[in-house]
Amino acid sequence: MSEAGRVPSPATPVVVAAAAPEERKGKEPEREKLPPIVSAGAVGRDGGRGLDRGAKGQISTFSSFISAVSPKKEAAENRSSPAHLIFPNIKNVRDQPPVSLDVRQKQRISMDASSSEVKAPVLPECILPIQPKTMKDFQEDVEKVKSSGDWKAVHDFYLTTFDSFPELNAAFKKDATASFNTIEDSGINAKFVNAVYDTLINTPQDIQKTNPQFNNTSTYVIYAHLLRQIATLVEADHHFLVHWFKKLSQKRFKQLVERLLQFISLRLFPAKPEEFPPITKCSWWIPSAAKVLALLNTANNLVHPPLIPYTDFYNSTLDHIDLMEEYHTWQNFGNSHRFSFCQYPFVISIAAKKIIIQRDSEQQMINIARQSLVDKVSRRQRPDMNMLFLNMKVRRTHLVSDSLDELTRKRADLKKKLKVTFVGEAGLDMGGLTKEWFLLLIRQIFHPDYGMFTYHKDSHCHWFSSFKCDNYSEFRLVGILMGLAVYNSITLDIRFPPCCYKKLLSPPIIPSDQNIPVGICSVTVDDLCQIMPELAHGLSELLSHEGNVEEDFYSTFQVFQEEFGIIKSYNLKPGGDKISVTNQNRKEYVQLYTDFLLNKSIYKQFAAFYYGFHSVCASNALMLLRPEEVEILVCGSPDLDMYALQRSTQYDGYAKTDLTIKYFWDVVLGFPLDLQKKLLHFTTGSDRVPVGGMADLNFKISKNETSTNWLPVAHTCFNQLCLPPYKSKKDLKQKLIIGISNSEGFGLE
């Protein structure tokens, strides 16, 4: 069991693997480990160091371990413990934080004072336990129990198996005498482990008490110690664990993640606080659990597709703690001795991250506005409220050029609250004009005739045009627009592929050295498939081709692109036009081809876009985000839940029990997805859902006291739908479909 996190020498007996870090260094008595997590990847590691062994070098029972959880009792037993066996030459093991420094010191003195005869290991005399039962034997016992009701055989199995770690090795290792030092096989009989676990959780309480994996609150103390053992392993051991975790079934992997998240939640908000030790005495509980979760998260990211969605690592309990305190702790102390959940951002939900980013943005807005006010007063000038905002004055007929000029002139104001004014039009921006400015500007910039972006019909997304130009400022403008949208919590109707957001976070903070490339990330054929699926499919066929690639494809290390009607060629490597693609070098060719299309050919365009985005959103909070989460912040979520919208909708002039409202929801809930998206776009200006879900839309249906021959009207500034009191469901459905299907922006075509 203990081989799961270490690379021991082939000759190392299994009993040696149960030795504690202090013994491995030859300076402290051996210490018993905690029982392992019951899963195929974690059972194979005892975890490092647990509580004391009994006198005469014998390993204590699990029941004595439970009684020794108290640090005071442990310290008292340590002080009176005689010398124990020592197993030398066991490396790659790190000490966990000591329970008591003075206890550890006395143990060292005791060992140093012992004679060399006592210290000498007597490995040949170690007798390995015999495997108590096979999986077949255990299952037969369980079947007998179901008919007889006598749990003695099963009870005895648990008592014996969890009595000591050599017993664990004997029970669950495929070969109790063999060492395993490969990431391919942990050496654990995973099926047997799973069978024992599944049986355990369905057994009576007295049977469960022979193992720490039952759900009583008191066992979380034991579980916490186990997590500390795993968390304090050395990097080499974590490497093995990660690769074994990724081989777990989805069910078992999810069980581990859920148990760890539950452990954190229960420690933060215990249902029965009196059953837990004071938080001051177990401050290491949550950091240990977070570290083990990090190993599981790493394992999940190594698998394609992942075992579970990244959102399954979210802990919604964290939405209710002081997130800004966590963020400021992380800002001030980084990954040092002060723990913060921001060190493990994968457990923080996108809703919580949005709160952090919003509050960080608001604080930056306040600081910038305050500085502007101070500067104005210091120059003895009269303060003006407009100085507290980023004021955009643009003409509809010159939207792009005016916007570019305004943003260039007001670079110092980008972090102020955005307000938009259309020249020659009366109106106060309460959010609607800002939305309209974004909508019209994005629509114009992304139009195919504009030439900045290419729309790929197969993937339904835009990508950067590789055409060379003298000025890339308009790409910077698009980056600023995206940054302003995130900064001002506005959802944009932009369709970029996922790898765009991966590039946008490469790196997540602008490097101080301007010579360091930005927006360059590792890309694969899968990334290319999200933009150009046909080309990606062709490259995949090249990789899997079983014939002679050189003769069948007749390709060289070149790329051909059409630019303004002219075909241009680019070498993927020096002399690429003279290097044929063969079976031996085709992987290199595909990688260089993909890298050229997604990185090198658009570097200047994307670099301008990158700097534009980060000129607004420069914040350490971006380091908390995954690329998928940046996309959700910019564009919202594509997953519509119209039932959630129904529950959160507010009414003005109507009641939810009115017949017209009942007709409305009967119709909308029966719409196909495309019509539901059109309704959302008609009423809010976007067919995507904000981070907080439908409730964050503040959707309102108002009564429009007009003729029922009129179509519905929407005020996207306020996410408001004005609905006449239609007398029949058929009439409402007809008028609603006409309205949402033929509108464009802020008026009918």
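Helices and strands here are DSSP runs, with helices of at least four residues and strands of at least two, numbered from the N terminus. The model is predicted.

**Exercise 1. Find the cis peptide bond at P305 and place P305 in the chain.**

Step 1. Go to the bond from H304 to P305. Its omega is near -5°, and the bond is cis.
Step 2. Look at the flanking elements. P305 sits in the loop between α14 (285–302) and α15 (323–333).
Step 3. Repeat for P507. The bond from S506 to P507 is cis too, with omega near -5°. P507 belongs to the loop between α20 (498–504) and α21 (525–529).

**Exercise 2. Describe the protein chain as a whole.**

Step 1. Count the elements. The chain has 30 helices and 14 strands.
Step 2. Check burial. Of the 749 residues, 50% are buried.
Step 3. Check the surface. About 35,400 Å² is exposed, and carbon and sulfur atoms supply 53% of it.
Step 4. Check the contacts. Take those between residues at least 6 apart in sequence: 71% of them join residues at least 24 apart.

**Exercise 3. Work out how α6 and α7 are oriented to each other.**

Step 1. Locate the helices. α6 covers residues 135–148 and α7 covers residues 152–161.
Step 2. Read the geometry. Their axes come within 8 Å and cross at roughly 140°.
Step 3. Apply the cut-offs. Roughly antiparallel needs an angle over 145 degrees, and roughly perpendicular runs from 65 to 115. α6 and α7 are therefore oblique to each other.
Step 4. List the residues in contact. α6 contributes F138, D141, V142 and V145, while α7 contributes A153, V154, F157 and Y158.

**Exercise 4. Lay out the open sheet that holds β12.**

Step 1. Write the order. The sheet has 4 strands, β9-β10-β12-β11, with mixed pairing.
Step 2. Find the edges. β9 (650–652) and β11 each have a single partner strand, so one side of each lacks a neighbour in the sheet.
Step 3. Note the twist. Neighbouring strands are turned by 25° against each other on average, direction ignored.
Step 4. Go through the pairs. β9 and β10 are parallel over 3 bridges, and D652 has S702 in β10 as its bridge partner. β10 (residues 700–703) and β12 are parallel over 4 bridges, with K700 opposite Q720. β11 (residues 713–715) and β12 are antiparallel over 3 bridges, with A714 opposite L721.
Step 5. Sort the side chains of β12 (residues 720–723). Q720 and C722 point one way, L721 and L723 the other, and all are buried.

**Exercise 5. Examine C717 and N719 in the loop between β11 and β12.**

Step 1. Consult the record. UniProt lists C717 under "active site", in an unreviewed entry.
Step 2. Classify C717. Partly exposed lies between 20% and 50% relative accessible area. C717 has 29%, so C717 is partly exposed.
Step 3. Classify N719. Its relative accessible area is 9%, so N719 is buried.
Step 4. Check the backbone. The hairpin has 4 residues between its strands, and N719 takes a positive phi near 50°. N719 is not a glycine.

**Exercise 6. Is Y554 buried or exposed?**

Step 1. Place the residue. Y554 lies in the loop between α23 (549–553) and β7 (558–563).
Step 2. Read phi. Y554 has a positive phi of about 50°, although it is not a glycine.
Step 3. Read the accessibility. At 76%, Y554 counts as exposed.

Note on methods. Residues numbered from 1 in each chain as written. Predicted model: local features only at pLDDT ≥ 70, side-chain atom pairs only at ≥ 80, totals over all residues. Heavy atoms only, no water. Buried < 20%, exposed > 50% of the residue type's maximum accessible area, 1.4 Å probe, protein only. Pairing = 2+ DSSP bridges. Contact = heavy atoms within 4.5 Å. Areas by Shrake-Rupley, 256 points an atom, 1.4 Å probe, with all protein chains shown as cover. UniProt positions renumbered as here; feature names shortened; annotations may be inferred. Axes fitted to C-alpha atoms, helices over the stretch in contact; angles between N-to-C directions. Parallel < 35°, antiparallel > 145°, perpendicular 65-115°, else oblique.
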